[in-house]
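Thank you all for coming; I would like to take a few minutes on one model, beginning with a pair of helices and ending with the question of confidence.

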Amino acid sequence: TTTTTLSSRVTFRDAAGHRRQRHGHRRRLSTHRTVTVVVARAGKTRTMKSSSQNAMVDFLPGTLMSRLVNPRAATIDWRALIALADKVNDSSQDLKTQPTLGLIRGELKMAGGREDVLAERAQGYKEYVLQRTLGMKAALTLATNVATKDPKRRCAIGRALADPRNERSLFALFAKRATGEGVDVFVDGLAQDLVEIDRELSADDLATTKNWYGADVGQTHFDYVENQVDKAIERATRAVADGAAAGAVTVVPLLVPSVDTPKLAGDAINNSSRSHGASSRDGAADSTTGGPSDGDDDGDDFMFGKKSKKKSKAKKSSASTAAGALVMDPSTMLPQFAADALKQMTAKFGSSEPAFPEVEAWGQSTSSEASAAVLALIARTPSNCAIILPSALLKATLTFDNAVANSRGAKAFAVEEVAESDWRANNPDVSAALWISFDPNPIEGDWRAPHFARALENCQANGDEQPLIPIVLASVALIAEAPSCDAIEGPPGAVATAAGASARAHGRVACASPASATSQPPSTLKV
């Protein structure tokens, strides 16, 4: 599945098509603002130039969005949403002219109309939109696998999702399918709509759709990732049922082959090499966008259209966790270090394809596949198995801020939460843990950091009231070169990639806790 970034310049006009201006005011109502949408799509990204002429978020007076968003502070008034719930849910409100109202309508539905639940949502409008569209990017990537694994058809589905005029646009689907029951229910609902889009594709739709995948990418690339998810879930299910494995750490590589063009695959190889050789304690090399993705010819082709120029520069990642730093940022409702990462992403939103910092360097579409694989793990984790994610940003975004991650009742936690001293006492039903990590991941932080050690210790704490629990460590690993891919065996070199990822994962566990020598040695793992 691929991703779509739809960045649109919105100019307000009256019914006759003329720009409007409020008499007696100097400020024009046709203020340019940027609306950036990530559509997890299997296909081309149609990127329109985005423009933000001032820092404010502006909406046409009288619209619902103008009553829900403070334009100067760029914050969402969730309390006003409760008061306006009937109007928000009124089907006469046109999502084609107020597309982000679809996100707000879905949020109200997902929160069950409860003000206390909405109060825990991100208050910053831009941060909220970025989080939800990143979540939809992963959800639609995963759901597209149900509809089709044919690259060309996936691209055509993506085209339909990208168009806000489509009754099945990203906005409309979020409003329709958002639920607090769990991400598995959400993805299942999205899949039903994508199957309908696929069924309605015409010969002309396919003829006019460009296949933006790498030339060698086929159905088996997607089948292989699904099979890797199956293996990880099988291990997690066994861990819940098998008390004899209590306290053990079992590493399961979850390999994601590159589905980008050779140029981006080459970049991923270079990034992988750098991050394996760099110390993540002090930060590692990262990529930053060096200009707007505006379709100019000096950008490199990639599967979504044109890739913006990139510059590599070393920097310390704000996503790296400061030990014990759980100060919450009210604009994001995330710990400060995660909020800083989100705000950095927001600053680039519209000029580059957004992706989670953990996988940003993997390539545009490959990072989408990796995020979707993590979402598949979250959706299928058995009850009483804690899902441990490497960052609060990943946890909040991929669970859509729901207290329960899936309909089985499994709950997700960021590593920092698991490190809290009362985590086990507050979660007495947890009998196993599915710990998700990325390889390579230069920003996750050195596992010798105190919060990793405390989190691992909390999972392995012994005693009558807090018994040892088994840990399945799913290491989501990049295969940077995948010219061909068997659905079961994977691309050439998959075994070597799995062995390397497994060895590094065991090394990280050993750094966090020398007592974890009970972890299963890499040589006994099957790929």
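Which residues in α11 meet which residues in α14? In this predicted model, where local features need pLDDT of at least 70 and side-chain atom pairs count only at pLDDT 80 or more, while totals for chains, interfaces and linings use all residues, Phe 222, Val 225, Val 229, Asp 230, Ala 232 and Ile 233 of α11 meet Glu 369, Ala 373, Ala 376, Leu 377 and Arg 380 of α14, contact meaning heavy atoms within 4.5 Å. By class, the residues of this contact are eight nonpolar, no polar and three charged, with Ala, Val, Leu, Ile, Met, Phe, Trp, Tyr, Cys and Pro counted as nonpolar, Asp, Glu, Lys and Arg as charged, and the others, Gly among them, as polar. Helices α11 (residues 219-241) and α14 (residues 364-380) pack at about 35 degrees with their axes 10 Å apart, the axes being lines fitted to C-alpha atoms over the stretch in contact and the angle running from 0 to 180 degrees between N-to-C directions. Residues are numbered from 1 along each chain as its sequence is written, and side-chain values use heavy atoms, with hydrogens and water left out.

Now to confidence, that is pLDDT, the predictor's confidence in each residue from 0 to 100. The protein averages 75, and 69% of the residues score at least 70. Among the elements, helix α9 (residues 183-199) has the highest mean, 97, and strand β6 (residues 285-289) the lowest, 29, helices (H or I, at least four residues) and strands (E, at least two) being DSSP runs numbered from the N terminus. Over residues 1-14 pLDDT stays under 50, although the model has 94 contacts there beyond four places in sequence; over residues 516-527 pLDDT again stays under 50, with 28 such contacts. Where pLDDT is low, the predicted coordinates should not be read in detail.
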